[in-house]
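I set aside this session for looking up side-chain contacts and surface features, and I write the entries in the order in which I looked.

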Amino acid sequence: MADPSYDCVVIGSGPGGYVAAIRAAQLGKKTAVVERDRIGGRCLNYAFIPAKAVLRSADLLSDVREAAEFGIRVGAVEIDFTAIRARRDKVVSTLTSGVSGLFKKNGIELLEGDAALGPEGQVMLDGQSISAGSVILATGSVPRPIPGVPFGPRIIGTEEAWALAEAPARMAVVGAGASGAEIASAFARLGSEVTLIEALDRLLPTEDADISRLVERGLKRQGVSVQTGTAVADVSESETAVSFSYGEQTAEVEQLVICAGRSADVEGLGLADAGVELEEGGLVKVDGALRTTHARVYAIGDLVHGPALAHKASDEGIIAVEDSSGIQTHPISYPDIPRATFCMPNVGSFGLTEAEARDQGYDVAVGKVPYGAVGGGAVYGDRTGLIKIVGERRYGELLGGHIVGSRATELIQELVNVRALEGGFSEVARMIHGHPTLSEAVMESARAADGWLIHG
């Protein structure tokens, strides 16, 4: 039986929830986390972590196939999808066990079951009322189906795609955002015939247009059939296949993966009874400190506005706990959160795209440098990547950074940090970078924006 009283109760144990709970415990709060499924939530068990584990296998396969270019000859390559699945599960188990250990270390109680808010803001858990000084809602999101196309055994979402027992012979992916691009890139390299379909005019439509073009080129080299500016229709599922049309073409695949976005998982939380209001679109209404319209209830992660990213949820969890503890906090600048897409080639970005900056009236300075302009690109075998800096010309403000290519998801952090420390692209241009590294291309792109590119 759970203790009926806590200083802080967190509903959901994903990257937002478990980080919030640990921070609450650090601040001396008696803390409990409610989880109805597995510790670690959807992210660790079904989404981001399984995805990256499978993608890592695909990346190694690509390295092996390209080894001859580096003077390394290998024999016939065999894909053991059973072993890939086993490693995926081991990675998940390692990380979720780590969260369990952190809960024990910090004296956090894990409560299993379905939780909802009571009318006074208390937590109702399987019929038991639990009082809490503050409640943090961190239940994440659920997949959105295509209108008129319900999910089924062969019409699946991203979580089911990463959990497939084997790579299907033929797969179609609907939606070419980050999740769709990652699934297409992974399974195409692991042997599936993949069609990637996007209703808008380009894949990764929220990224800078220059980045989208290079990702499309890379996916096509992997054998992905990219179809933009079209939508699926006439979807029919049987026991063995899914048939559908797109544009003037028809197709039949073993798996149709829907990556058409996600919705806040608020069903059954009792928000209306507790006086927690929703925004238009179904997200929970919060202020800059993540406070809902109930004085003691906070909401974070995919439940609230901003990008649906694990690291964003974690930071929001810290802000919510600290605000509830009387610590001064500051709202997140959502455009400045780094975005990471782990398809091949990788994409790392933050801030405004070039088009967005121009639309907002900035006098835009752009610096673009391919990886091949610096020694690291040649040494490490990626001359096709690109670093693009978007800045404001008069004051040198760094408005956005966009990288596509090897280690892009790591390289972007330098520009994020410079922005956070109120530096500009001229400062990046003057920072000494190690040689030969890919990071030198970050420096050179800043020099290009500043008007004095050396290597290019």
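The entries below go from aromatic rings to charges, then to a surface patch and a strand residue.

**Entry 1, aromatic rings.** I note at the start that this is a predicted model. I searched the whole structure for aromatic pairs, and the search gave three. The one I followed up joins Phe81 and Phe187, whose ring centres are 6.3 Å apart and whose planes meet at 35°, so I record the pair as tilted, the angle being neither under 30 degrees nor over 60. This pair links distant parts of the chain, since I find Phe81 in helix α4 and Phe187 in helix α6 (residues 178–189), 106 residues apart. I then asked whether Phe81 and Phe187 are buried or exposed. Both turned out to be buried. I also looked for further ring partners, and ring pairs link Phe81 and Phe187 with Trp162 into a cluster.

**Entry 2, charges over rings.** I looked next for charged ends placed over aromatic rings, and I wrote down two cases. The charged end of Lys30 sits over the ring of Tyr6, at 5.5 Å from the ring centre, and that of Lys52 sits over the ring of Phe48, at 4.9 Å from its centre.

**Entry 3, salt bridges.** How many salt bridges does a search of the whole structure find? I got 23, and I went through several of them in turn.

Arg213 and Asp210 meet through their side chains at 2.2 Å, N to O; both belong to helix α7 (residues 209–221), where they are three residues apart, about one turn of the helix. I compared their surroundings: Arg213 has a relative accessible area of 48% and is therefore partly exposed, whereas Asp210, with 12%, is buried. I also traced the salt bridges outward, and Asp210 and Arg213 are linked in a network with Asp208, Glu354, Arg358, Lys368 and Lys388.

Lys312 forms a salt bridge with Glu316, and I noted 3.2 Å between the closest N and O atoms. These two residues lie in helix α9 (residues 310–324), four residues apart, again about one turn of the helix. Is Glu316 buried or partly exposed? At 0% relative accessibility I count Glu316 as buried, and Lys312 is buried too, with a relative accessible area of 2%.

For the salt bridge between the side chains of Glu277 and Lys285 I recorded 3.8 Å, N to O. Here Glu277 is partly exposed, with a relative accessible area of 40%, and Lys285, at 38%, also counts as partly exposed.

**Entry 4, a nonpolar patch.** Turning to the surface, I found a nonpolar patch of about 420 Å², made by Val64, Phe70, Ile72, Val74 and Val77. I picked Ile72 for a separate look, and I place it in the loop between α3 (48–65) and α4 (81–105). Ile72 counts as partly exposed because its relative accessibility is 48%, which falls between the limits of 20% and 50%.

**Entry 5, Thr195.** I closed with Thr195, which I found in strand β10 (residues 193–198). Thr195 is buried, with a relative accessible area of 13%. Which residues does Thr195 touch, not counting those up to four places away in sequence? I listed Met171, Ala172, Val173, Ser225, Gln227 and Tyr246.

Note on methods: Residues numbered from 1 in each chain as written. Predicted model: local features only at pLDDT ≥ 70, side-chain atom pairs only at ≥ 80, totals over all residues. Heavy atoms only, no water. Patch = residues over 30% accessible without salt bridge, like charges linked within 9 Å, V, L, I, M, F, W, Y side chains within 5 Å. Areas by Shrake-Rupley, 256 points an atom, 1.4 Å probe, with all protein chains shown as cover. Buried < 20%, exposed > 50% of the residue type's maximum accessible area, 1.4 Å probe, protein only. Phe/Tyr/Trp six-rings, centres within 6.5 Å; stacked < 30°, edge-to-face > 60°. Lys NZ or Arg CZ within 6 Å of the ring centre and 35° of its normal. Contact = heavy atoms within 4.5 Å.
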